[in-house]
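Let us walk through a protein model together. Keep the sequence at hand and follow the chain as we go.

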Amino acid sequence: MTEKTKKTVSLVLSSGGSKGLAHIGVINELEKQGFHISSISGSSIGSVIGGLYAMGKLPEYTKWIKTLNQQAIWGLMDFTVSTNGLLKGEKVFGKMKTFIPDMPIEKMNIPFAAVATDILNEKDIVFKSGSFYEAVRASVAVPTILTPVKCKNTILVDGGVLNPVPIEHVARNNNDILVVVNLYGEKKDEIENSNLIENRNQTSGRIKDIIKSISKLISSGDRRSLGYFSLLNTTTNAMTHRIAKQNIEKFKPDILINIPYDSSSIFDFHKAEKLIEIGENAASKEIFKYLNSN
């Protein structure tokens, strides 16, 4: 094998809410270390970051996300009275479209697959063509949080429901290196775990009231809480962690980069700088181990 072949990567990016900003750090480190990413698959936030990289627009997204504080994040949330979810998810993608135009997946720079879940037929739906934004909107539809997507005769929700680490859907190349970024790594107590009402002095009036109310609904920080959303999130997380672990054990990636699951809460996108740094550090450690064992 040539050195170039040795450093060709098929990259899998897991679901996991705002922790997915760590995917940016991993990609940064892979490029810094001279790896060539030849294909990507992703679930939920992994599909967003992976697709943006595949279309060559990750730098624009990274620059934008780093400018957002907590109040700006909440300003992008379009609450709905729907019984299917708290948010419509249209506002944030509408904003992204103003500086990152939609693109057919089949025209991206590298092969890309976004994974959603067909909840009625209990199977993966893999987008390898068609609108990027339509694909990722389905892939990020976290049950009870974002409204599901109606597609033909079925309903699509977050890809992480059935396949949080979609290894089997990444395009493989001869002699490539399979790199998996798992956002469900072991908890690390030294990492500051944020909550949804941090920096209250940055918000005021109605925004503060919304943050306070919604945080009570979806907070999963207290595992002993019997609140509906707390219980639902904790249960879902337990199942997702188990599925992710089983898929990783089945496919045995060459490089496994684990991001602690308590690195952030679901909406901590205002912590972009810190999360990207966590991704870079975790990737650097695992890449070093790989290069010194081969």
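How many of the residues of strand S1 (residues 8–13) are buried? Six of its six are, so the strand is mostly covered, given that buried means under 20% relative accessible area. Bear in mind that this is a predicted model.

A strand has two faces, and in S1 both are covered. On one side sit Thr-8, Ser-10 and Val-12. On the other side sit Val-9, Leu-11 and Leu-13. Each of these residues is buried.

Now look at the partners of S1. Strand S2 (residues 36–43) pairs with S1 in the parallel sense, over six bridges. To find the pairing in the model, start at Leu-13, which stands opposite Gly-42 in S2. How does the chain get from S1 to S2? It passes through helix H2 (residues 22–32). This β-α-β crossover is right-handed.

Strand S9 (residues 177–185) also pairs with S1. The sense is again parallel, and here there are five bridges. Ser-10 of S1 stands opposite Leu-178 in S9.

Next, the nonpolar interior. The largest nonpolar core has 66 residues. Which of them have the most contacts inside it? They are Leu-11, Leu-21, Ile-49, Leu-52 and Tyr-61. Helix H10 (residues 272–291) gives this core its largest share, eight residues. There is also a second, separate core of nine residues. Among its members are Ile-167, Leu-178, Val-180 and Ala-244. Leu-178 is familiar: it is the S9 residue that stands opposite Ser-10.

Stay with Leu-52 for a moment. Leaving aside residues up to four places away in sequence, Leu-52 touches Lys-57, Leu-58, Tyr-61, Met-96, Ile-100 and Phe-132. Leu-52 is also one of the buried residues of helix H3. Is this helix enclosed or open? All 10 of the 10 residues of H3 (residues 45–54) are buried, so the helix is largely enclosed by the rest of the structure. Ile-49, named above for its core contacts, is among the buried residues of H3 too. After H3 comes Gly-56, with a positive phi near 80°.

Charged side chains come last. How many salt bridges does the structure hold? There are four. Let us visit some of them.

Lys-57, one of the residues that Leu-52 touches, forms a salt bridge with Glu-60. Their closest N and O atoms are 3.8 Å apart. Lys-57 counts as partly exposed because its relative accessibility is 27%. Glu-60 is partly exposed as well, at 31%.

Asp-176 and Arg-172 meet in another salt bridge, with 2.7 Å from N to O. Are these two residues buried or partly exposed? Asp-176 has 10% relative accessibility, so it counts as buried. Arg-172 has 45%, so it counts as partly exposed.

The last stop is back in helix H10, where Lys-289 and Glu-286 both lie. These two form a salt bridge, and their closest N and O atoms are 3.3 Å apart. They are three residues apart, about one turn of the helix. Why does that spacing matter? An α-helix has 3.6 residues a turn, so residues three or four places apart point the same way. Lys-289 is partly exposed, with a relative accessible area of 47%. Glu-286, at 18%, counts as buried.

Definitions and conventions:
Residues are numbered from 1 along each chain as its sequence is written. This is a predicted model: local features need pLDDT of at least 70, side-chain atom pairs count only at pLDDT 80 or more; totals for chains, interfaces and linings use all residues. Side-chain values use heavy atoms; hydrogens and water are left out. Buried means under 20% relative accessible area, exposed over 50%, partly exposed in between (1.4 Å probe, protein chains only). Helices (H or I, at least four residues) and strands (E, at least two) are DSSP runs, numbered from the N terminus. Two strands pair if DSSP finds at least two bridges between them. A crossover is right-handed if, with the strands pointing away from the viewer, the path from the first strand over the helix to the second runs clockwise. A nonpolar core is a set of buried Ala, Val, Leu, Ile, Met, Phe, Trp, Tyr and Cys residues joined through side-chain atoms within 4.5 Å. Contact means heavy atoms within 4.5 Å. A salt bridge is a side-chain nitrogen of Lys or Arg within 4 Å of a carboxyl oxygen of Asp or Glu.
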